[in-house]
Amino acid sequence: MYGWHLKVLRVNLTTQKITQEDVDPKIARDYLGGRGWAIHYLYKEMDPMADALSPENVLIFATGPLTATPAPTGNRYMVVTKSPLTGALAHSNSGGEFPTWMKRTGFDMFIFEGKSSKPVYLFVNEDQIELRSAVHLWGKDAHETTDILKAETSAEARVACIGQAGENLALMAAIMNDKHRAAARSGVGAVMGSKNLKAVVAMGNKNPPLHDPEGMRTLSVNTSKEVGADVKKGSNMRIYGTSYVPQVTNTLGILPTRNFLQGTFEHVNNIDGDALKNQYLIRHTPCYRCPLSCGRLTEVPDGPYKGKGEGPEYETISSLGTGCGVSNLAALVKANYLCNEYGMDTITTGMTIAAAMEMYEKGYISEEIIGMPLKFGDHDAMIAMIKLMAFREGFGEDLAQGSYRLAEKYGHPEIAVTTRKQEFPGYDPRGSQGMGLLYATSNKGASHMEGDVAYEEVFGVPVKENPLTTEGKPELVKHFEDSFALMDSSGLCVFVAIRYAFNKDRMILPLRLAEMMNLSTGAQYSPEEVMIAAERVYNLERMFLIKAGSTEDTLPYRMLHEPLPDGPAKGKVVELDKMLPEFYALRGWDEKGVPTKQKLMELGLPLN
Amino acid sequence: MMIQVKLIANYREQLPPEAINGVVELDVPDGTTVYQAISRFDIPLDDTSVIVLNGLTVDMSTPLSVGDMVTAFSAIAGG
């Protein structure tokens, strides 16, 4: 078989038993790989009602058929599990180098079951597969852990691990790889911590054999040329990463500011991409084989926030920065470094602190409870909160539960800007209606990575849609959700796929991805077939959500009842009622958002 | 009449030195459209650019009013 190894490594952490399994070629084809394969296994193997932090939860690392191939940005992996933050499905994506190294072990997926009685890490070098003690690593941050593990295994190895936040089961804990890259959202790091699994170390030389290596090479060269031409024209991505976006969203009035109390930030020039470029940028740092190169190494050379690392990206600026009303760039960069070291999702971390700031300013939480004043804009307090959260010390015990549980505990659930208890990313949906429908219906709670229609509503890729209208948005959201399921299953990065395969012609993306996957696997997919497979994946994820007991597709109070007070979208709320029924109809779901029997049969999915 | 043009990220290279934080003030004739205002700068006027008026999606033939701000940025994968 080409493209896929069709091999799964199963690790039972309770019994310490490690087994290898073959993947049924029909399942491989029908579910594509990566995110698709993972939900097939998760749905089959675990009770969706199980406690996410119990040994009954299953944690899956999954690569796709384009991971570790010459396909441009073919270097992604997915972490799929039940989320302790949302109680729903988690699927978090990451790049860097680890995904390619993981696939070069000769396995497409690692499945972790049970719970180890003491801290361990998994070492995989092709046929040398061992669970080793991680007692000496417990308490270390993600950067220290990575350095130690490379020193004691091999400089050629690549590491995915948790920091202290994951060990302490903070619900915003991420799984970090290659130090600075994160499978960030939904608390996947806490699941890893609950299993006493500190790290996964991967190396090997088993590149998947390709069906048409020459064709793949030609396609890769051509795409890289196309990207290279764009970079020459002055690509935003290589210079700014995503840090230029605050100026865009501020212009449109959808930049989350002070816990979504506003849509514009008066100090945006202090923390935008140009400020970062002029003050702290050292150079761009691409993921393995990426022609786009959006990662950037930065350094605060001196002062109280001295440090060196990667970021911040837009989502960090809009959460720890504008979300908290913070305009001190050095402090914001430092906060990002701390999140990477402790292993934390910057979105949930930042927006939980933002919610706490609003509650403090409104008198709902006292200074005595917090241990210090916590006003919007207080960057030192923001940094202090990150530390408390990672270690669950003092008020950090409340913060570590995320903003929904925090706001509920102190009697003001309306403060939490979440869906399925997961914090919103950096697009206020009152000024981006399609994003509102996406957040409301997302199977994993609020996330732009579930189907980022901001590409059209905000960034004009491939065309600029009016973000303030609801017409056509249900179809747009469905198309993006299915397209993201396709990209996440393939092993390709959405940045390159969106930029170079999205087109006014909706079939160009599946055409190009099918072409790449056929060169890799020889599966002879048609474009129609890969889109149906993506829809299959999305619907099975929906079934997991329903069986996990979380079905209501709605938005938090602020988005439905508090109009934006400023900016171009002033006066707007999300008009969810106008979009939801049409969306359900397009999906083939009933009026409660449940896939109909007919839809499940059409997709070849189990009926129960 | 006075209007403002704001360019974002790499488009800022097209701005004159007097621009502050990516924004330049322009004196334009009455009746100037969004398209005419942005045409003064060497940026692509096709699908690879996003151009908005006061943050709103409008037709490029929309005439400007005093104090309006036209913003342009390169359409490229976002955040």
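Okay, let's start in the big chain's domains: in chain A, the C-alpha centres of domain 1 and domain 2 lie 26 Å apart. Those bounds come from an automatic or database domain assignment, and for chain A it gives domain 1 as 7–203, domain 2 as 235–423 and domain 3 as 429–602.

Quick housekeeping. This is a predicted model, where local features need pLDDT of at least 70, side-chain atom pairs count only at pLDDT 80 or more, and totals for chains, interfaces and linings use all residues. Residues are numbered from 1 along each chain as its sequence is written, while chains are lettered from A and ligands numbered from 1 in the order in which they are written.

So what sits between domains 1 and 2? In chain A, 32 residues of domain 1 are in contact with 28 residues of domain 2; contact here says that the C-beta atoms, placed from the backbone, lie within 7 Å. On the domain 1 side of chain A, α4 (142–152) and α5 (164–167) each supply at least two of the residues that touch domain 2. The largest share of that side comes from α5(A), with 3 residues. By class, the domain 1 side in chain A has 13 nonpolar, 15 polar and 4 charged residues. For those classes, Ala, Val, Leu, Ile, Met, Phe, Trp, Tyr, Cys and Pro count as nonpolar, Asp, Glu, Lys and Arg as charged, and the others, Gly among them, as polar.

Now chain A as a whole. There are 26 helices and 17 strands in chain A, taken as DSSP runs numbered from the N terminus, with H or I and at least four residues for a helix, and E and at least two for a strand. The C-alpha trace of chain A spans about 60 × 55 × 50 Å along its principal axes. Its radius of gyration is 22 Å, which agrees with the value near 25 Å for a compact globule of 608 residues; that radius is taken over C-alpha atoms, and the globule rule is 2.2 Å times the number of residues to the power 0.38. Of those 608 residues in chain A, 64% are buried. Buried is 20 or more other C-beta atoms within 10 Å of a residue's own, exposed is 12 or fewer, and partly exposed is in between, with C-beta atoms placed from the backbone. Looking at contacts in chain A between residues at least 6 apart in sequence, 71% join residues at least 24 apart.

Let me zoom in on one strand. Which residues cover the two faces of β9 (158–161) of chain A with buried positions? Arg158(A) and Ala160(A) lie on one side, Val159(A) and Cys161(A) on the other, and all are buried. As for neighbours, β9(A) runs antiparallel to β12 (197–203) of chain A, joined by 4 bridges; two strands pair if DSSP finds at least two bridges between them. Arg158(A) has Ala202(A) as its bridge partner in β12(A). β9(A) is also joined by 2 bridges to β10 (175–177) of chain A, again antiparallel, and there Cys161(A) is partnered by Met176(A).

Further along chain A there's an open sheet of 3 strands, in the order β13-β14-β15, with antiparallel pairing. β13 (281–284) and β15 (307–310) of chain A are the edge strands, each with a single partner, so one side of each has no neighbour in the sheet. In that sheet, β14 (296–300) of chain A pairs with β15(A) over 4 bridges, and Val300(A) is bridged to Gly307(A) in β15(A).

On to chain B. Chain B has 1 helix and 4 strands, reading β-β-α-β-β along the sequence. For its 79 residues, a compact globule would have a radius of gyration near 12 Å, and chain B has 12 Å, which agrees. Buried residues come to 35% of the 79 in chain B. β1 (2–7) of chain B runs antiparallel to β2 (23–27) of chain B, with 5 bridges, and Lys6(B) stands opposite Val23(B) in β2(B). β1(B) also pairs with β4 (69–74) of chain B, in the parallel sense, over 4 bridges; Gln4(B) stands opposite Met69(B) in β4(B).

Last stop, where the chains meet. 19 residues of chain B are in contact with 34 residues of chain A. β3 (49–53) and β4 of chain B each supply at least two residues of the chain B side, and β4(B) gives the most, with 3 residues. That side of chain B divides into 9 nonpolar, 9 polar and 1 charged.

Key. Two residues are in contact if their C-beta atoms, placed from the backbone, lie within 7 Å.
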